[in-house]
Amino acid sequence: MPGRTWLGTTGLNSVFDEVLAWNENRLNDVAGRKCIGVDGFKGADKRHVMNLTIFKSGVVSYLSTEWFGRKKHSGQTYAGVVAKYMGEDAHLNFIAVVADNTSSMVSMFTILATLYVGIFYLGCVVHVYDLLIEDIVKKISVIALSLIHI
């Protein structure tokens, strides 16, 4: 079994590189262009975080985690990160960017759309359903409270 020194130095990097190459090969085996998924959130320590995935039909792979600190960030910051991973030939290699529907992500979509024509920018349907259910529950709560006072 490898020692702790190996794991903390060259070993972990070697395994990580192997997994990245394996995932890239799986993605290349599937026809079509890739998509990037973006999930931004604020961690328990109040730091803003962005997880990125890369995917095609039937294949999803972790791409990166970006840490932004405690200050709020704009769509410009997020667009810069996504553009870094998409590269110069994004229009040849990517078909879509998918993210939640926060204002900073919508702003990111607008910025990326000026950089990359021919790529779709999609709000996540699951996030839309979540917002819809939250609104319905709020309405039901208001109706229930008003009926109590009748």
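Is Lys34 buried or exposed? Select it and see: Lys34 is buried, because its relative accessible area is 14%, and the cut-off for buried is under 20%. Keep that residue in view, since the tour comes back to it.

**Before you go further: colour by confidence**

This is a predicted model, so put pLDDT on the chain before anything else. The chain averages 86, with 97% of its residues at 70 or more. Look for the two extremes: helix α5 has the lowest confidence, with a mean of 77, while strand β4 (residues 94-99) has the highest, at 94. Where pLDDT is low, the predicted coordinates should not be read in detail.

**Stop 1: the sheet**

Now show the strands alone. You should find five of them in an open sheet, running β3-β2-β1-β4-β5 across, with mixed pairing. At the edges sit β3 (59-69) and β5 (120-123), each of which pairs on one side only. Turn the view to look across the strands: from one to the next, the twist averages 20°.

Next, pick β1 (residues 34-42) together with β4. These two pair in the parallel sense, over five bridges. Two pairs of residues are handy markers here. Cys35 stands opposite Ala96 in β4, and further along, Val38 has Ala99 of β4 as its bridge partner.

Then step from β4 to β5. This pair also runs parallel, joined by four bridges. To find the register, select Val98, which stands opposite Leu122 in β5. While you have side chains switched on, recall that in a regular strand they alternate between the two faces of the sheet.

**Stop 2: the salt bridges**

There are three salt bridges to visit. Side chains of opposite charge can pair when their charged atoms come close.

Go back to Lys34 and add Glu24. Their side chains meet in a salt bridge, at 3.5 Å from N to O. Glu24 belongs to helix α1 (residues 4-29) and Lys34 to strand β1, so this pair ties together parts 10 residues apart in sequence. How do the two ends compare for exposure? Glu24 counts as partly exposed at 31% relative accessibility, whereas Lys34 is buried at 14%.

The next pair is Glu66 and Lys84, whose closest N and O atoms are 3.3 Å apart. Here the link runs between strand β3 and helix α2 (residues 75-86), so parts 18 residues apart in sequence are tied together. Try a surface view on this one: Glu66 counts as buried, at 14% relative accessibility, but Lys84 counts as exposed, at 52%.

For the last of the set, select Asp45 and Arg47. The closest N and O atoms of this salt bridge are 2.8 Å apart. Asp45 is partly exposed, with a relative accessible area of 32%, and Arg47 is partly exposed as well, at 30%.

**Stop 3: a greasy patch**

Finish on the surface. Select Val125, Tyr129, Leu132, Ile133, Ile136, Val137 and Ile140: they make a nonpolar surface patch of about 680 Å². Where does Ile136 sit? You'll find Ile136 in helix α5 (residues 125-148). At 43% relative accessibility, Ile136 counts as partly exposed. Switch the confidence colours back on while you are here, as α5 is where the chain's confidence is lowest, at a mean of 77.

Terms used: Residues numbered from 1 in each chain as written. Predicted model: local features only at pLDDT ≥ 70, side-chain atom pairs only at ≥ 80, totals over all residues. Heavy atoms only, no water. Patch = residues over 30% accessible without salt bridge, like charges linked within 9 Å, V, L, I, M, F, W, Y side chains within 5 Å. Areas by Shrake-Rupley, 256 points an atom, 1.4 Å probe, with all protein chains shown as cover. Salt bridge = Lys/Arg side-chain N within 4 Å of Asp/Glu carboxyl O. Buried < 20%, exposed > 50% of the residue type's maximum accessible area, 1.4 Å probe, protein only. pLDDT = per-residue confidence, 0-100. Pairing = 2+ DSSP bridges. Axes fitted to C-alpha atoms, helices over the stretch in contact; angles between N-to-C directions.
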